[in-house]
Amino acid sequence: VQLQASGGGLVQAGGSLRLSCAASGIIISINSMGWYRQAPGKQRELVARISSRGSTNYGDSAKGRFTISRDNVKNTVDLQMNSLKPEDTAAYYCAVLRRNNGDYEGAYWGQGTLVTVSS
């Protein structure tokens, strides 16, 4: 399984970015997928998750600003990020998720793409 994340970069506060995660060796449509982020000195946190049924969940910091979606034809999962803030600066990772004791955990991880939001 390989996950290739792309779309990160430098953007001004209030701007938008769209991250994309291309998967190989796995079919995204029948798996739960997630975007996580980790800022320097902080723990990794959930940004957004989409289940195999298409239901979505968002971390508190992403609600109302970010949208996760998937393209079953391209086998990609995307994260549209709007109204970006400097505190959104982090490395963003996509992951294939598995259920474990009622919670989700990452089974496979991409290499991360860096998002930097300037004030």
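## A tour from the disulfide to the sheet

Start by selecting Cys21 and Cys94: each of these residues is buried. Bear in mind as you look around that this is a predicted model.

**Stop 1: the sulfur atoms.** Show the side chains of your two cysteines. Cys21 and Cys94 are joined in a disulfide, with 2.1 Å between their sulfur atoms. Looking for others? A search through the whole structure turns up one disulfide.

Now set up the torsion about the S-S bond. What is its handedness for Cys21 and Cys94? The angle is about 55 degrees, so the disulfide is right-handed. Next, colour the two strands that hold the cysteines. Cys21 lies in strand E3 and Cys94 in strand E9 (residues 90-100), so you can see how this pair links distant parts of the chain, 73 residues apart.

**Stop 2: from E3 to E8.** Keep strand E3 (residues 17-24) selected and add strand E8 (residues 76-81): the two run antiparallel and are joined by six bridges. For one position to zoom in on, pick Leu17, whose bridge partner in E8 is Met81.

**Stop 3: the whole sheet.** Which strands make up the sheet around this pair? Extend the selection to get four strands in the order E1-E3-E8-E7, an open sheet with antiparallel pairing. At its edges are strand E1 (2-6) and strand E7 (66-71), each of which pairs on one side only. Finally, turn the view to compare strand directions: neighbouring strands of this sheet are turned against each other by 15 degrees on average, direction ignored. To see what holds such an arrangement together, display the backbone: strands of a sheet pair through backbone hydrogen bonds.

Key. Residues are numbered from 1 along each chain as its sequence is written. This is a predicted model: local features need pLDDT of at least 70, side-chain atom pairs count only at pLDDT 80 or more; totals for chains, interfaces and linings use all residues. Side-chain values use heavy atoms; hydrogens and water are left out. Two strands pair if DSSP finds at least two bridges between them. Axes are lines fitted to C-alpha atoms, for helices over the stretch in contact, and angles run from 0 to 180 degrees between N-to-C directions. A disulfide is a pair of cysteine sulfur atoms within 2.5 Å. Buried means under 20% relative accessible area, exposed over 50%, partly exposed in between (1.4 Å probe, protein chains only).
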